[in-house]
Amino acid sequence: MRNLNCHIRHICHTAVYALELQRVVMVTDSVTDTVTDFCQSCTYATASFYIRHA
C-alpha cells in the first residue's frame with residue numbers, strides 16, 4: 001500500500017512539474033513576442049526616420 005502512495009505522489013510531482021514547465025514556456029513565448037514586436041516597431045521607426053530625412 002505504501003508503494004501505491006509513493007507512486008501517486010510521484011505522478012502528482014510529475015504533473016506539477018509538467019504544468020510549471022508549460023507555464024515557463026508560455027511566459028518565455030510571450031516575452032519573445034513582445035521583444036520581437038518592440039524590435040519591429042523600432043526598425044520601422046528608424047527606417048521611416050531615415051527615409052524622411054534622406
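How many residues apart do glutamate 20 and arginine 23 lie in helix H1? In this predicted model, the two are three residues apart, which amounts to about one turn of the helix. A salt bridge joins glutamate 20 to arginine 23, and their closest N and O atoms are separated by 2.8 Å. The structure contains one such salt bridge. As for solvent contact, glutamate 20 has a relative accessible area of 36% and is therefore partly exposed.

Helix H1 covers residues 2–52, and tyrosine 17 is also found there. This tyrosine reaches 56% relative accessibility, so it counts as exposed; the cut-off for that class is over 50%. Tyr17 also contributes to a nonpolar patch on the surface, made together with Leu21 and Val25, with an area of about 310 Å².

Attention now turns to the aromatic rings. A search of the whole structure returns one aromatic pair. Its members are phenylalanine 49 and tyrosine 50, whose ring centres are 5.8 Å apart and whose planes meet at 70 degrees, so the arrangement is edge-to-face. The reasoning is easy to follow, because planes over 60 degrees apart count as edge-to-face, provided that the centres lie within 6.5 Å. The two partners fall into separate accessibility classes: phenylalanine 49, at 44%, is partly exposed, whereas tyrosine 50, at 55%, counts as exposed.

Definitions and conventions:
Residues numbered from 1 in each chain as written. Predicted model: local features only at pLDDT ≥ 70, side-chain atom pairs only at ≥ 80, totals over all residues. Heavy atoms only, no water. Phe/Tyr/Trp six-rings, centres within 6.5 Å; stacked < 30°, edge-to-face > 60°. Buried < 20%, exposed > 50% of the residue type's maximum accessible area, 1.4 Å probe, protein only. Patch = residues over 30% accessible without salt bridge, like charges linked within 9 Å, V, L, I, M, F, W, Y side chains within 5 Å. Areas by Shrake-Rupley, 256 points an atom, 1.4 Å probe, with all protein chains shown as cover. Salt bridge = Lys/Arg side-chain N within 4 Å of Asp/Glu carboxyl O. Helix = DSSP H or I, 4+ residues; strand = E, 2+ residues; numbered from the N terminus.
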